[in-house]
Amino acid sequence: EKFHVEQTPFGFQKAEDSHGFLLWQTTNIWQQKVKKALAKFGISHQQFVIMATLLWFEMHGYNTMYKNIAQWAKLDKMTVSAALQALLADNLVVVTEHKLDARAKAPSLSPKGKRLITKLIPIVEDIDRQFFGPLTESAQQDLLVILRQLVQD
């Protein structure tokens, strides 16, 4: 059965008028660039985000329980757990008992992990600069405001 334009289930005449589709395309293009850069170091994008989160938490004195990492990074707990297991196997993180909750584990970067993430953050930030570079400074600031609104819990 062939659809005619007037029967279409789409709410848009043109695909580029769909916020979701454009966000999907934009995210995929950006993620591919980051993934390619990180692959040279044997790190997935999720592992990078978790390592960067651990560094940020350490620098700011935040609690590094798995659930806090998951909430901060907007990842599910199972993804965080699997990524941390891989990072642990590569000696990029260490896991100790949490000081305040004996049932909880507190991951942190190993010296090797800290050296690696300190090298990777400027690489990913450079990708961001290049990717968002075609936007004016004002448009970049507007985009930050919009994205902050969209990720609020």
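Let's start with a word you'll meet a lot here: a residue is called buried when its relative accessible area is under 20%. Ser 18, with a relative accessible area of 16%, therefore counts as buried. Keep in mind as you look around that this is a predicted model. Ser 18 sits in the segment before α1. Try finding Asp 76 as well: Ser 18 and Asp 76 are 58 residues apart in sequence, and their C-alpha atoms are 27 Å apart in space.

Now head for the inside. The largest nonpolar core has 28 residues, and the members that touch the most others are Ile 50 and Leu 84. Five helices each put in at least two residues: α1 (19-39), α2 (45-60), α3 (66-73), α4 (77-89) and α5 (111-132). The top contributor is α2, with 7 residues. This fits a broader habit: in soluble globular proteins, nonpolar side chains tend to be buried together.

Which residues does Leu 84 touch, if you skip its neighbours within four places in sequence? Its contacts are Ile 50, Leu 54, Tyr 66, Ile 69, Val 93 and Pro 107.

Two of those partners, Tyr 66 and Ile 69, bring us to α3, where they are buried along with Ala 70 and Ala 73. Look down the axis of α3 and you'll see that its buried residues fall within an arc of 100°, so they line one face of the helix. The spacing helps here, because an α-helix has 3.6 residues a turn, so residues three or four places apart point the same way. And what lies over the buried residues of α3? The cover includes the helices α2 and α4, plus the strands β1 (93-97) and β2 (105-109).

Right after α3 comes Lys 74, in the loop between α3 and α4. Its phi is positive, about 60°, although Lys 74 is not a glycine. That's worth a second look, because most residues other than glycine have a negative phi. Lys 74 is partly exposed, at 46% relative accessibility. Asn 91 also has a positive phi, near 60°, and it isn't a glycine either. You'll find Asn 91 in the loop between α4 and β1, where it is exposed, with a relative accessible area of 51%.

Next, charges. How many salt bridges are there? The count comes to 2. One joins Glu 58 and Lys 114, whose closest N and O atoms are 2.6 Å apart. Glu 58 belongs to α2 and Lys 114 to α5, so this pair ties together parts that are 56 residues apart in sequence. Both ends are partly exposed: Glu 58 at 42% relative accessibility, Lys 114 at 31%.

Another salt bridge links the side chains of Asp 126 and Arg 129, at 4.0 Å from N to O. Here the partners share a helix: they are 3 residues apart in α5, which separates them by about one helical turn. Asp 126 is partly exposed, with a relative accessible area of 32%, while Arg 129 is exposed at 53%.

Finally, take a look at the surface. Ile 146, Leu 147, Leu 150 and Val 151 form a nonpolar patch there, with about 370 Å² of accessible area together. Leu 150 is part of helix α6 (residues 137-151). Is Leu 150 buried or exposed? With a relative accessible area of 62%, Leu 150 is exposed, because the cut-off for that word is over 50%.

Note on methods
Residues are numbered from 1 along each chain as its sequence is written. This is a predicted model: local features need pLDDT of at least 70, side-chain atom pairs count only at pLDDT 80 or more; totals for chains, interfaces and linings use all residues. Side-chain values use heavy atoms; hydrogens and water are left out. A nonpolar core is a set of buried Ala, Val, Leu, Ile, Met, Phe, Trp, Tyr and Cys residues joined through side-chain atoms within 4.5 Å. Buried means under 20% relative accessible area, exposed over 50%, partly exposed in between (1.4 Å probe, protein chains only). Helices (H or I, at least four residues) and strands (E, at least two) are DSSP runs, numbered from the N terminus. Contact means heavy atoms within 4.5 Å. Patches are made of residues with over 30% relative accessible area and no salt bridge: like charges are joined within 9 Å, nonpolar side chains (Val, Leu, Ile, Met, Phe, Trp, Tyr) within 5 Å. Accessible areas come from the Shrake-Rupley method with a 1.4 Å probe; for residues, only the protein chains shown count as cover. The arc is that of the directions from the helix axis to the C-beta atoms.
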